[in-house]
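I opened this model to go through its charged pairs, its chain contact, its core and its cysteines. My entries follow in the order in which I looked things up.

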2 protein chains.
Amino acid sequence: MTDRVLAEGTLIGDRLAVHTQTTKPLKLDQAILEYQKRGIRGISVWKEALEGFSAADADAMIRDHGLSVPALVRGGFFCAATQAERQQRIDDNRRLIEIASILNAQMLVLVVGAIPGVALEVQRGWVQDGVAALTSDAKAANVKIAIEPLHPMYAGDKSCVNRIAEANAICDSVNDPIVGVAVDVYHTWWDPDLETQIETLGRHNRLFAFHLCDWRVPTRDLLTDRALMGDGCIPISRILNCVEAAGFRGWHEVEIFSTDHWSSDQGCFLDQIISRYERCYQTSTR
Amino acid sequence: MTDRVLAEGTLIGDRLAVHTQTTKPLKLDQAILEYQKRGIRGISVWKEALEGFSAADADAMIRDHGLSVPALVRGGFFCAATQAERQQRIDDNRRLIEIASILNAQMLVLVVGAIPGVALEVQRGWVQDGVAALTSDAKAANVKIAIEPLHPMYAGDKSCVNRIAEANAICDSVNDPIVGVAVDVYHTWWDPDLETQIETLGRHNRLFAFHLCDWRVPTRDLLTDRALMGDGCIPISRILNCVEAAGFRGWHEVEIFSTDHWSSDQGCFLDQIISRYERCYQTSTR
């Protein structure tokens with residue numbers, strides 16, 4: 001990685017993090033080694049990556065290699081048909097907050113969930129209730145909660161929060177500084193209100209996370225056809241400038257789900273991620 | 001089809017139309033026969049369905065069978081890299097307006113287009129210029145122009161207009177009563193502002209068309225996995241009530257692209273369309 005110095009005196013590499021799901025074929029211990037070897041200092045841990053590892057062991061491995069954990073991914077999934085199931089989901093999130101705390105993760109990222117057959121605004125009410133129920137646990141554990149709006153194509157079955165505006169409205173209602181928003185360029189790039197919404201999040205100190213990948217043209221699959229930065233149509237540098245202008249100084253987390261990239265050599269893929277990430281800066285105005 | 005009478009004294013069947021693309025395996029003459037046989041009185045004609053038929057012959061066939069044409073589908077595609085190409089696209093739309101006029105179509109539906117690498121708001125400017133350039137032709141031909149917002153998952157390559165709000169903003173700018181909006185439940189159902197936006201369209205007499213299908217859960221393909229009404233998660237009856245409350249009295253156009261349904265018997269599929277369409281009313285509050 002280059003040592004080019006950013007405006008704030010930090011190096012480019014200081015802020016690059018990769019989600020374990022991006023390199024899904026690597027086990028957690030392999031991922032830690034491969035990231036560390038390349039100077040990647042942040043690893044966002046998917047709960048699936050913890051299979052076969054205790055949270056304490058994972059934490060020790062990660063710290064021994066000088067890495068930090070921006071986020072545990074993914075909690076949420078508050079939407080279910082019955083009150084009992086919804087309570088179960090909240091309890092599941094409590095356990096994830098404990099795990100995030102053991103991992104020294106800055107935050108737990110929430111994919112809020114959605115089920116067919118119930119009005120989206122009703123489901124957003126469930127999400128608000130669920131998030132509100134978690135704030136005291138989150139504060140006690142010193143783990144932030146980041147609501148991640150998902151692309152509208154997931155409104156049927158994955159997330160009833162599809163724009164930053166609705167995530168921000170839930171933050172308004174819950175009104176606790178432990179709750180904020182994760183902005184992923186993949187989910188939000190199309191939104192005509194994106195830049196004003198990012199400014200709003202920044203003003204309220206709610207811009208907790210920034211996720212990077214690209215939108216392939218054409219996109220061949222709704223779930224696993226995300227592109228490497230620069231291989232799609234998202235104006236990444238522009239959005240990067242926008243989040244920085246809104247005061248964001250957190251990790252730049254690369255989160256790519258791609259059957260194409262998963263079937264390639266993961267070391268080469270990580271090298272590509274680094275060079276494309278650097279290019280996001282070179283083409284930015286900062 | 002049942003003869004149940006609606007509030008306004010019309011029959012359910014009076015307002016049902018089907019897009020030729022819904023029954024893509026049928027040639028235009030077959031589609032006309034199959035629709036007519038079942039009491040479907042509206043046929044929205046895709047330009048692809050005109051292959052092998054002159055517009056005048058198509059018009060004669062359609063009228064001879066007592067059918068009407070809500071729309072010619074699809075014009076638009078204003079977004080292109082060069083000014084010369086964009087002018088070419090406008091000229092293509094002029095020819096489509098002529099064809100729509102020959103078909104006695106009420107409107108030409110526009111899918112506005114999108115290209116990677118250009119800011120979406122810049123592209124929406126091109127769309128606005130393109131639409132404005134067509135208004136005098138449209139008025140002379142007595143053919144309305146309906147801008148159809150497409151789902152945000154098409155922002156990379158098919159449409160830079162992804163919400164009713166942006167379609168309405170273009171109408172505001174062009175400011176001509178010949179220009180309005182086509183609302184398709186598939187593209188818009190997820191929008192938290194859907195109901196207020198439909199009201200706005202109604203207030204400005206810009207709600208030109210209403211398209212029906214459903215969102216399959218899970219959706220397996222971005223283009224050709226639309227569902228029959230009732231087989232997905234879209235609150236169709238609620239949206240139907242909303243457009244009627246906004247003063248819409250036009251056709252209810254069924255537009256389903258589905259490899260599954262295209263591979264089935266098209267007569268049976270049409271029978272299913274009719275029964276599912278009737279059920280949209282039975283579960284509505286009207």
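**Entry: salt bridges across the chains**

I began with Arg163(A), which forms a salt bridge with Asp191(B), the closest N and O atoms being 3.7 Å apart. I counted a salt bridge when a side-chain nitrogen of Lys or Arg is within 4 Å of a carboxyl oxygen of Asp or Glu. This is a predicted model, in which local features need pLDDT of at least 70 and side-chain atom pairs count only at pLDDT 80 or more, while totals for chains, interfaces and linings use all residues; side-chain values use heavy atoms, with hydrogens and water left out. Residues are numbered from 1 along each chain as its sequence is written, and chains are lettered from A and ligands numbered from 1 in the order in which they are written.

I then looked up Asp191(A) and Arg163(B), whose side chains meet in a salt bridge at 3.7 Å, N to O. This pair crosses between chains: Asp191(A) sits in the loop between α6 (185-188) and α7 (194-203) of chain A, and Arg163(B) in the loop between β5 (144-147) and α5 (164-174) of chain B. The helices (H or I, at least four residues) and strands (E, at least two) are DSSP runs, numbered from the N terminus. Asp191(A) and Arg163(B) are both buried; I take buried as under 20% relative accessible area, exposed as over 50% and partly exposed as in between, with a 1.4 Å probe and protein chains only.

How many salt bridges are there between chain A and chain B? I find six between these two chains, and 46 over all chains.

**Entry: the chain contact**

Chain A and chain B each give 29 residues to the contact, where contact means heavy atoms within 4.5 Å. Between them the chains bury about 2,200 Å², 65% of it on carbon and sulfur atoms. Buried area here is the accessible area (1.4 Å probe) that two parts lose on being put together, summed over both. On the chain A side, Arg163(A), Trp190(A) and Leu222(A) lose the most area to chain B, together 23% of what that side buries.

I superposed chain A on chain B: the rotation is 180 degrees with 0.0 Å of shift along its axis, RMSD 0.0 Å. That is the relation of a two-fold axis. The fit is by least squares on the C-alpha atoms of residues with pLDDT of at least 70 in both copies. The copies meet through the same surface, because 100% of the interface residues of chain A are also interface residues in chain B.

**Entry: salt bridges within a chain**

Asp260(B) forms a salt bridge with Arg220(B), with 2.9 Å between the closest N and O atoms. Asp260(B) is in helix α9 (residues 259-262) and Arg220(B) in the loop between β8 (214-215) and β9 (226-227) of chain B, so this pair ties together parts 40 residues apart in sequence. Asp260(B) is partly exposed at 43% relative accessibility, and Arg220(B) is partly exposed at 42%.

Are Glu255(B) and Arg226(B) buried or exposed? Glu255(B) is buried at 2%, and Arg226(B) is buried at 4%. They form a salt bridge, closest N and O atoms 3.7 Å apart. In chain A, I noted a network of salt bridges linking Glu34(A), Lys37(A), Arg38(A) and Asp271(A).

**Entry: nonpolar core**

The largest nonpolar core has 178 residues, and Ile43(A), Ile147(A), Ile43(B) and Ile147(B) touch the most other members. Such a core is a set of buried Ala, Val, Leu, Ile, Met, Phe, Trp, Tyr and Cys residues joined through side-chain atoms within 4.5 Å. Not counting residues up to four places away in sequence, Ile147(A) touches residues including Leu110(A), Val131(A), Ile170(A) and Val181(A).

**Entry: cysteines**

I searched the whole structure for disulfides (pairs of cysteine sulfur atoms within 2.5 Å) and found zero over all chains. For Cys268(A), the nearest cysteine sulfur is that of Cys280(A), 20 Å away. Cys268(A) is partly exposed, at 46%.

Why is Cys233(B) not bonded to Cys213(B)? Their sulfurs are 10 Å apart, too far for a bond. Cys233(B) is buried at 9%, and Cys213(B) is buried at 0%. Cys213(B) is in the loop between β7 (207-212) and β8 of chain B. Leaving aside neighbours within four places in sequence, Cys213(B) is in contact with residues including Arg226(B), Ile236(B) and Glu255(B). The C-alpha atoms of Cys213(B) and Ile236(B) are 8.4 Å apart, with their places 23 residues apart along the chain.
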